[in-house]
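Student: Please take a close look at one part of this model for me, the packing of one pair of helices. Then carry on from there to whatever else helps me read the fold.

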Amino acid sequence: MTSRAPTLESMVQLARDGLLEEFVERAHGLEPADLADVLASLDEAERIGVVQVLPPELSSQALIEMPVEAHAEDTLAALAPEQAAEIVEEMDDDDAADLLGELDPEDQERILSEVENRSDVDELLRYDEESAGGLMTTAVVAVEAAATASEALHSIRHQAEEVDFYQIYVVDDARHLVGVLPLKDLVVSSPRRPVRDFMEPADIVVPPDLDQEEVARLMARYNLPAVPVVDAQGRLLGQVTFDDVTDVVEAETTEDILQFGGTSADEVIAAGWRDAVRSRLPWLYINLVTAFVAGAVVYAYQGIVERVVMLAAWMPIIAGMGGNAGTQALAVTVRRLALGLIAPGQGVRIIGKEVLVGTINGLANGVVVAAAAMLLHQGPMMGLVVFLAMTGNLLVAGFAGAFIPLLLERFRVDPAIASSIFVTTFTDVCGFSLLLGLAGLLLL
């Protein structure tokens, strides 16, 4: 059995050699995700040439699967409007809206003007792309509450020819969502039994303007394969399915990881060095300013450091341990915020827990550093100084790691963006102040 990589490499080479007839023939045997990787490996001109000769049913799925940084929408916009429209018509309405939503209104209209039935895509383009409306598909399977089990089965068979479905929705004659139909109950029910007698209530619904992260959180909490989207009057607009939510979780997680490290979420993996510098340098400048603050503390105590030179060896240890402990508390708190696990009024309890954890960890590590100081023949007073500094700094780290992200969240600043810089500065300043201040009191 051949590996996947050589197959993709050979496809890329076929495209670059201009052997497009063989490329198209072999493309039929590839999964859409693999064909997407091939297209993403080509430069823009090569990609356009390949998409122009691919059948729409292949190119449509491959363009959907391409990574964001490859900008599949640019490839679509570079095609003749008629060919682009053929590709769009092969896509599910939500996928088409996602791709077209990245284009300028002029390019959108140029393509959609050639689409035979554009109403569903137009409807989805009205919504913010990061909302439930922007995620949903209007393609749903729905039956009327007044139908019998036999009529419902017949309707479902007809609708399923065009729609992949995870839920069967029950609506009234004005398309208000009134329930969800369990497939098992439908199959075992008497053919003449009305659907309304055995449908289940639609307890979990979302409005079209709900943020996509909230939709993902809701579906994960209740293990839903799909969630219905309804308007203010309760009319069924569409549904968000688990595959769309998977993409949201991946995108949001990537964004949070980049921001947590002080890197802009706009910087993509394929970005050049100029984009990387432009994205990261502002955060490094901010970090440099905060580093000067920590340095100023050491400068203020330089007389003590000159008189007790051995303190220089303990400074990075105390500050580093505080920074690590603060990052631990910060990571846990940001995760709780991201998952919506902190209810209003719970902030004090969360901070209290992290302070307690920090104090206990500080005492445990303080005993170790005090023992190390004694073993290095630095005297019991030096042992006491490093013990108190370590304990105090880890206590401060627990407080800062919980308090700072909660404070930023209160002021509607994303805690994943700036928290780490402020927490590290806080623990550095406190660590240096505690170590050098205590040394001045107890050793001199």
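Tutor: α19 and α20 are roughly antiparallel to each other, because the angle between them is about 155 degrees and anything over 145 counts as such. This is a predicted model, so read every value as computed from predicted coordinates. Helix α19 covers residues 347-375, and helix α20 covers residues 380-410. Their axes lie 7 Å apart. The crossing of α19 past α20 is right-handed.

Now take the sheet. It is open and has three strands, in the order β1-β2-β3. The pairing is mixed. β1 (141-144) and β3 (177-180) are the edge strands, each pairing on one side only. From one strand to the next, the twist averages 35 degrees. β1 pairs with β2, residues 168-171, in the parallel sense. Four bridges join these two strands. One register point to check: Ala142 has Tyr169 in β2 as its bridge partner. Helix α12, residues 149-160, packs on this sheet. α12 touches β1 and β2. The direction of α12 makes about 155 degrees with that of β1.

Next, a helix with a buried face. α7 spans residues 81-90. Its buried residues are Ala84, Ala85, Ile87 and Val88. Viewed down the axis of α7, these residues fall within an arc of 160 degrees, so they line one face of the helix. What covers them? The cover over the buried residues of α7 includes five helices:
- α4 (44-53)
- α5 (56-65)
- α6 (72-78)
- α8 (93-100)
- α9 (105-112)

One of these covering helices, α4, deserves a residue-level look. Val50 sits in α4. Is Val50 buried or exposed? Its relative accessibility is 0%, so Val50 counts as buried; the cut-off is under 20%. Set aside the neighbours within four places in sequence. Val50 is then in contact with Ala15, Leu20, Phe23, Leu39 and Leu42. For a sense of the distance in sequence, take Leu19. Val50 and Leu19 are 31 residues apart in sequence. In space they are 9.8 Å apart, C-alpha to C-alpha.

To return to your helix pair: α19 and α20 pack at about 155 degrees, and they are therefore roughly antiparallel.

Conventions: Residues numbered from 1 in each chain as written. Predicted model: local features only at pLDDT ≥ 70, side-chain atom pairs only at ≥ 80, totals over all residues. Heavy atoms only, no water. Pairing = 2+ DSSP bridges. Axes fitted to C-alpha atoms, helices over the stretch in contact; angles between N-to-C directions. Contact = heavy atoms within 4.5 Å. Buried < 20%, exposed > 50% of the residue type's maximum accessible area, 1.4 Å probe, protein only. Arc of directions from axis to C-beta. Parallel < 35°, antiparallel > 145°, perpendicular 65-115°, else oblique. Left-handed = near helix turned anticlockwise from the far one by under 90°.
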